[in-house]
Amino acid sequence: MMAAGAAIALALWLLLPSVGVGEAGPPPIQDGEFTFLLPAGRKQCFYQSAPANASLETEYQVIGGAGLDVDFTLESPQGVLLVSESRKADGVHTVEPTEAGDYRLCFDNSFSTISEKLVFFELIFDSFQDEEEVEGWAEAVEPEEMLDVKMEDIKESIETMRTRLERSIQMLTLLRAFEARDRNLQEDNLERVNFWSAANVAVLLLVAVLQVCTLKRFFHDKRPVPT
């Protein structure tokens with residue numbers, strides 16, 4: 001019973017926000033994902049705030065449009081160019097540690113004059129918590145209960161489970177983007193196949209009509225002239 005009580009207290013401490021303990025800090029920055037349509041000949045930029053001494057992972061993928069490529073740049077809050085890629089279909093980049101401020105992500109389709117691009121990108125943050133916050137869960141458990149349970153093992157198991165669940169969500173999101181890109185590519189190929197099939201049928205019909213007319217004219221010219 002004491003072990004069960006310790007596990008419940010630990011789970012509540014990790015899942016519920018702390019109330020009345022210390023000063024309230026800024027809310028954690030959440031991971032995000034976005035899909036947008038980038039017109040031909042245009043450049044679009046996004047700004048994302050980041051805390052200091054954290055990890056920022058950026059993933060992008062072109063899931064629609066001719067060529068499935070786009071130019072990508074990533075700049076730090078100080079204006080330093082961190083990543084610059086030209087005509088890429090996808091990319092994954094990690095900034096660690098981050099600076100406090102707004103990071104700038106730009107997608108450029110100015111090289112294309114006709115085709116617009118459908119772009120998906122995702123931002124994943126991994127903040128490094130202070131030791132007091134990481135170890136604060138132990139205060140929610142009575143000292144007598146800690147004698148019966150290996151609290152460090154419980155904490156490690158829960159942290160491992162949370163990390164794996166977060167990575168599973170990220171992988172599923174990325175797989176959805178791959179699926180959307182493949183579906184758009186197949187739909188474009190289907191349109192091309194249908195167009196050229198219709199063109200071939202039209203050419204065959206035109207050739208058949210011309211052959212019939214040519215044969216009729218040939219036999220018409222060979223008829224004997226009445227005297």
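**Notebook: a predicted protein chain**

**Entry 1. Phenylalanine 121.** I began with phenylalanine 121 and listed its contacts, leaving aside neighbours within four places in sequence: Gly32, Glu33, Phe34, Phe36, Phe46, Glu59, Tyr60 and Phe107. I note here that the model is a predicted one.

**Entry 2. The nonpolar core.** I then asked which residues of the largest nonpolar core touch the most other members. The core has 20 residues, and those with the most such partners are Phe36, Phe72, Leu74, Phe107 and Phe121. Two of these names, Phe36 and Phe107, I had already met in the contact list of phenylalanine 121. Next I looked up the elements that give two or more residues to this core, and found β1 (32-38), β2 (43-50), β3, β4, β7 (101-108) and β8 (117-127). Strand β8 supplies the largest share, four residues.

**Entry 3. The whole chain.** I stepped back to the overall layout. The protein chain contains four helices and eight strands. Read from the N terminus, the order is α-β-β-β-β-β-β-β-β-α-α-α. The chain has 227 residues, of which 27% count as buried. I also looked up the contacts between residues at least 6 apart in sequence, and 78% of them join residues at least 24 apart. The exposed area of the chain is about 15,800 Å², with 59% of it supplied by carbon and sulfur atoms.

**Entry 4. The disulfide.** How many disulfides does a search of the whole structure find? The search gives one. I recorded for my own reference that a disulfide is a covalent bond between the sulfur atoms of two cysteines. Here the partners are cysteine 45 and cysteine 106, with an S to S distance of 2.0 Å. The link connects distant parts of the chain, since cysteine 45 is in strand β2 and cysteine 106 is in strand β7, 61 residues apart. The angle about the S-S bond is 105 degrees, and the link is right-handed.

I compared the exposure of the two partners. Cysteine 106 has a relative accessible area of 2%, so it is buried. Cysteine 45, at 26%, is partly exposed.

**Entry 5. Residues 193-213.** I consulted the UniProt record, an unreviewed entry, which annotates residues 193-213 as "transmembrane region". In the model, this stretch is 100% helix and 0% strand. The C-alpha atoms at its two ends are 30 Å apart. I also looked up cysteine 213, which is partly exposed at a relative accessible area of 41%.

**Entry 6. Aspartate 69.** Is aspartate 69 buried or exposed? Its relative accessibility is 10%, and because the cut-off for buried is under 20%, aspartate 69 counts as buried. I located this residue in the loop between β3 (54-64) and β4 (70-75). Beyond its neighbours within four places in sequence, aspartate 69 is in contact with Val62, Arg87, Lys88, Ala89, Phe111 and Lys117.

**Entry 7. Glycine 101.** My last residue was glycine 101, which lies in strand β7. With 25% relative accessibility, glycine 101 counts as partly exposed. Not counting residues up to four places away in sequence, glycine 101 touches Gln48, Ser49, Ala50 and Pro77. I also looked up the spacing between the C-alpha atoms of glycine 101 and serine 76, and found 8.1 Å. Along the chain, these two residues are 25 residues apart.

Note on methods. Residues are numbered from 1 along each chain as its sequence is written. This is a predicted model: local features need pLDDT of at least 70, side-chain atom pairs count only at pLDDT 80 or more; totals for chains, interfaces and linings use all residues. Side-chain values use heavy atoms; hydrogens and water are left out. Buried means under 20% relative accessible area, exposed over 50%, partly exposed in between (1.4 Å probe, protein chains only). Contact means heavy atoms within 4.5 Å. Accessible areas come from the Shrake-Rupley method with a 1.4 Å probe; for residues, only the protein chains shown count as cover. A nonpolar core is a set of buried Ala, Val, Leu, Ile, Met, Phe, Trp, Tyr and Cys residues joined through side-chain atoms within 4.5 Å. A disulfide is a pair of cysteine sulfur atoms within 2.5 Å. UniProt positions are given in the numbering used here, feature names are shortened, and annotations may be inferred rather than shown by experiment.
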